[in-house]
Structures are given as structure tokens and as C-alpha cells.
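User: Hello! I would like to learn how to read a protein model, one feature at a time. Could you walk me through this one?

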Amino acid sequence: MYIGKQPTIGNFQVCDAISTVNGQATYNLTVNSVAVTPETANHVLCSVNGILQKPGSSFSIVNSTIVFSANLVTGDVVDFVHILGSVLDLGVPSDDTVTAAKLGANAVTGAKLNTDVISAQTALATEPADTDEFLVSDAGVLKRIDYSLIKGGGGLIHIKTQNITSGVSSVDFNHGSSDVVFDSTYNAYKLIVSDMRIATDNQKLHIRYSTDAGSSYLTSNYDFSGMTRDSNSGTDNFNSASDSDIRIHQTGQGNAAAESMGLEINIYKPSTTDTRKLVHGTIVGISQHARTLSGYFSGSNTSTAAITGFQIRSGSGNIDRGNFTLFGVANS
């Protein structure tokens, strides 16, 4: 317990520069423009004109001022004023002086961590790499674990969503374009289409492959088969041994305001070069007869070249609306 002012402990500070005034002996002491009060003159190192001054004789301390025993004159230079604090104890460490070796085991607790210790860091905007690490508590012991050991298997990896809000002649997904991945990264890819509307009534959707990432699309040597059925019991089987594209359904889609279509399309091993590229899918929608229709299809192209893109198009007219989302199917 202290009677009077408690001493400042270990707070070593260099005061702001002092500009001398001719005939003046008293000067304010500040650090970063904030007034400071040394313990005593013996806790101050002061140099004037290159000569270290003797505390209590050459100067004294009065609150937050230094009073020289003689007035300073023009040309005098106060080289520095260094406040020592109490030199008998460490007290508050100076800035940037505490190292990891000085901290005791378990000394840093959760209460000492700021609430933004995570949120202030750079966000990872993509799926972590297999060797990225997480911290876990294993029965109270902090351990690290690779992402490869905890990531799920067999899931869908989002690649790209295209939200169509105005008429387009086709919806294209090509490797390397607009962040699309369509190569050997995944063994299979899935396209999910929802709320798709077309501009022209009684049209059928088609798929075409690209072997040059969308610079062109194959327009021959497709074959396909499928079946479409509507709620009026009408059934349309369809097939072709050689065509300009792969037909997705036979019964035409309607284009009225309430008539839309949804699809799931799967494409397998697009990057292989020794087998034909297979695709199949299912559909549900409203036909040109305002009836619910459903169906399935499958197809391929006779070429064994790797495909690096594909497009969905209407037989005639534009695709006016729809959400087209491409996923990669995780390999493990």
C-alpha cells in the first residue's frame, strides 16, 4: 500500500522533443502529446547540449514539468528526456518485448482471446485442400487434423450456377470459362435445372458436346433413346441412331406463363479418350397441352474424344428463364 502517489513501475518512455525558449527554465513533459509525470528527478535521464544533466542539481521535476536550474537560452538543445519509472521492478513490459518463451504453459486462456480472433482473418472462399488443417479438442487435448480425414465422401461439389433471366439461345458450360470445371477432376458431373421456361411453344430440349471448351459443338453422330409421358396418358417413345444432337424429351414443352420444366442430367467420365461419353437424365414439366409430363432419356456421341463442355438448347427459340447448376460428383 502506498500513501500518496503509487510509483510507476518499469514504464520506460522517451519524451517528446522539447523546443527551447530563450530565458525559460520550465518545460512540459509529454509522450505522444500526452502529459507524463516521472516519479522523481532521479527517475529521469536528461541531456542538454550533449551533456548528461545531474538530477536534483541541474534540474528538478514538478508534476509533469522539468525545471532546469538555470534558464535555457537561444541555441541550447535538449537532446532527450528519458523517463525510467521504478528501476527496481519489471512492472509493465515495454512494447514488443514479451516473447513466447516468457509465457507459461496454459497461460493464455479463452478469456484473453478477442472475439474476432477468427472472423478478422482472411476467409477461405473455396473448399479446403486435403492438407489444410483444423484444430480439435481430443478429450481436452488440443490437436490438429487434416481436412482429408473429416471431409464427407460421395457428395456433390458445386461448380457453377447460371441464373437465366432473359432470352438466350443456349446455356453453355465449358471448362475454363467463368470458373467452370469440366475435365478429369470428377468422374461424373450432374446438372440440375429448375424453373426453366422457353419462348416458343411445343419445343424439345437438346444437348450438344464440345471437344474444344466451347469454341464449337459437335453437330453429328449422336444417338439417343427415351420416353416421355403426360398426365393425359399419352406416351411418346423416341430414339435415333444418328442425329445432330441428343434429344432430352419428345412431348413438347409449353411456353405459357405457368409452364416450366425441371431436369437432372448426368454426364460420365467426360475426359476419357477410349470410350463414348454417356449421358442420361430425367425430366418433369408442363407440356404444350398444359399437362404434367415426365420422362427419361440417354445418349452418346460415337466419338471417343474427351469432351470439355456442353450446351442445353431449345429446338427453336430462346430459353427465357431458369436456374442451371453444375456439380461435380466427389470421387470418394
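**Strands and their partners**

Analyst: Happy to. Let us begin with one residue in a strand: Arg229 has Ser294 of β21 as its bridge partner. Please keep in mind throughout that this is a predicted model.

User: Which strand pairs with strand β21 over 9 bridges, and in which sense?

Analyst: That is strand β16, residues 222-230, which runs antiparallel to strand β21, residues 292-301. Strand β21 also has a partner in strand β20 (residues 279-286), again antiparallel, with 8 bridges. Along that second pairing, Val279 faces Gly299 in β21.

User: How many residues lie between the strands in the hairpin of β20 and β21?

Analyst: There are 5 residues between them, and Ala290 in this hairpin takes a positive phi near 65 degrees.

**Salt bridges**

User: Let us move on to charged side chains. How many salt bridges does the structure hold?

Analyst: The count is 8. To read one, look for a side-chain nitrogen of Lys or Arg within 4 Å of a carboxyl oxygen of Asp or Glu. Lys190 and Glu264 are one such pair, with their closest N and O atoms 3.3 Å apart. This pair joins distant parts of the chain: Lys190 sits in strand β14 (residues 188-198) and Glu264 in strand β19 (residues 261-268), 74 residues apart.

User: Is Lys190 buried or exposed?

Analyst: Lys190 counts as buried because its relative accessibility is 15%, and buried means under 20%. Glu264, with a relative accessible area of 35%, is partly exposed.

User: What does the salt bridge of Arg247 look like?

Analyst: Arg247 meets Asp243, with 4.0 Å from N to O. Arg247 is buried at 17% relative accessibility, whereas Asp243, at 21%, counts as partly exposed.

User: Which residue meets Asp245 in a salt bridge?

Analyst: Arg313 does, at 2.9 Å from N to O. Here too the pair links distant parts of the chain: Asp245 lies in the loop between β17 (235-243) and β18 (246-247), while Arg313 is in strand β22, 68 residues apart. Asp245 and Arg313 are both buried.

User: Which residues are linked with Asp245 in a network of salt bridges?

Analyst: The network connects Asp245 with Arg208 and Arg313.

**Aromatic rings**

User: Now the rings. How many aromatic pairs are there?

Analyst: The count comes to 8 aromatic pairs. When you look at a pair, check the distance between the ring centres and the angle between the planes. Phe173 and Phe310 are 5.6 Å apart centre to centre, with 20 degrees between their planes, and this pair is stacked. Phe173 belongs to strand β13 (residues 170-174) and Phe310 to strand β22 (residues 309-314), so the pair links distant parts of the chain, 137 residues apart. Both of these phenylalanines, Phe173 and Phe310, are buried.

User: Why is the pair of Phe182 and Tyr189 called tilted?

Analyst: Their ring centres are 4.7 Å apart and their planes stand at 50 degrees, so the pair is tilted. Stacked planes are under 30 degrees apart and edge-to-face planes over 60, with the rest called tilted. Phe182 and Tyr189 are both buried.

User: Which residues do ring pairs link into a cluster?

Analyst: The cluster is made of Phe173, Phe182, Tyr186, Tyr189 and Phe310.

**Cysteines**

User: What is a disulfide, and how many does the structure hold?

Analyst: A disulfide is a covalent bond between the sulfur atoms of two cysteines. This structure holds 0 disulfides. For Cys15, the nearest cysteine sulfur is that of Cys46, 9.1 Å away, and Cys15 is in no disulfide. A disulfide needs the two sulfur atoms within 2.5 Å. Cys46 is in no disulfide either.

User: Are Cys15 and Cys46 buried or exposed?

Analyst: Cys15 is buried, with a relative accessible area of 9%, and Cys46 is buried as well, at 0%.

**A nonpolar patch on the surface**

User: Finally, which residues form the nonpolar patch on the surface?

Analyst: Val98, Leu103, Val108, Leu113, Val117 and Ile118 form this patch, and together they have about 590 Å² of accessible area. Take Ile118 as your example: its place is in the loop between β9 (78-83) and β10 (133-138). Ile118 is exposed, with a relative accessible area of 68%.

Notes: Residues numbered from 1 in each chain as written. Predicted model: local features only at pLDDT ≥ 70, side-chain atom pairs only at ≥ 80, totals over all residues. Heavy atoms only, no water. Patch = residues over 30% accessible without salt bridge, like charges linked within 9 Å, V, L, I, M, F, W, Y side chains within 5 Å. Areas by Shrake-Rupley, 256 points an atom, 1.4 Å probe, with all protein chains shown as cover. Helix = DSSP H or I, 4+ residues; strand = E, 2+ residues; numbered from the N terminus. Buried < 20%, exposed > 50% of the residue type's maximum accessible area, 1.4 Å probe, protein only. Phe/Tyr/Trp six-rings, centres within 6.5 Å; stacked < 30°, edge-to-face > 60°. Pairing = 2+ DSSP bridges.
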